[in-house]
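Let's take a friendly walk through a small piece of protein architecture. Have the sequence and the 3D view open as you read.

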Amino acid sequence: MLGIVAAVLFFVAFLINAADLSTNDVFSSTNVMLLGLMALALHAAGVGTGLARRR
């Protein structure tokens, strides 16, 4: 699930950069890209997979 979120965030960052939209500092293409990288890192670390069962 976090991999899909990362892909969507990368696409949004690409659109902001390609369309040369003037956004505020919070939603700049770099910040959106960094959020995508964070989601991708969490996905690679296995966060949110739900496969671990505890006894």
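Is the crossing of α1 and α2 left-handed or right-handed? The crossing of these helices is left-handed. Keep in mind that this is a predicted model.

**How the helices meet**

Two packed helices are described by the angle between their axes and the distance between the axes. Here, the axes of α1 and α2 come within 8 Å and cross at roughly 165°. That angle makes α1 roughly antiparallel to α2, because an angle over 145 degrees counts as roughly antiparallel. On the α1 side, the residues making the contact include L2, V5, A6, L9, F10, A13 and I16. Their partners on α2 include V32, M33, G36, A39, L40 and H43.

**The helices side by side**

| Helix | Residues | Expected span | Distance between end C-alpha atoms |
|---|---|---|---|
| α1 | 17 residues | 24 Å | 24 Å |
| α2 | 17 residues | 24 Å | 24 Å |

For α1, the expected span follows from 1.5 Å a residue, and the distance between its ends agrees with it. The span of α2, which covers residues 29-45, agrees with its expected value too.

**A closer look at α1**

Which residues of α1 are buried? They are A6, A13 and I16. Seen down the helix axis, these residues fall within an arc of 85°, so they line one face of α1. Part of what covers them is α2. The face turned away from this buried side carries the exposed residues I4, F14 and A18.

A7 also lies in α1. Its relative accessibility is 45%, so A7 counts as partly exposed: the partly exposed range lies between 20% and 50%. Although A7 and L40 are 33 residues apart along the chain, their C-alpha atoms are separated by 8.3 Å. Just after α1 comes D20, with a positive phi of about 55°.

**A closer look at α2**

The buried residues of α2 are V32, G36 and A39. They cover an arc of only 60° around the axis, which puts them on the same side of the helix. What covers these buried residues includes α1 (2-18). A44 and A45 are exposed on the other side of α2. After α2 comes G46, whose phi is positive, near 95°.

**Putting it together**

Try turning the view until you look down α1, and find its buried residues A6, A13 and I16. Then do the same for α2, looking for V32, G36 and A39. Each helix helps to cover the other: α2 is part of the cover for α1, and α1 is part of the cover for α2.

Methods: Residues numbered from 1 in each chain as written. Predicted model: local features only at pLDDT ≥ 70, side-chain atom pairs only at ≥ 80, totals over all residues. Heavy atoms only, no water. Helix = DSSP H or I, 4+ residues; strand = E, 2+ residues; numbered from the N terminus. Expected span 1.5 Å × (residues − 1). Buried < 20%, exposed > 50% of the residue type's maximum accessible area, 1.4 Å probe, protein only. Arc of directions from axis to C-beta. Contact = heavy atoms within 4.5 Å. Axes fitted to C-alpha atoms, helices over the stretch in contact; angles between N-to-C directions. Parallel < 35°, antiparallel > 145°, perpendicular 65-115°, else oblique. Left-handed = near helix turned anticlockwise from the far one by under 90°.
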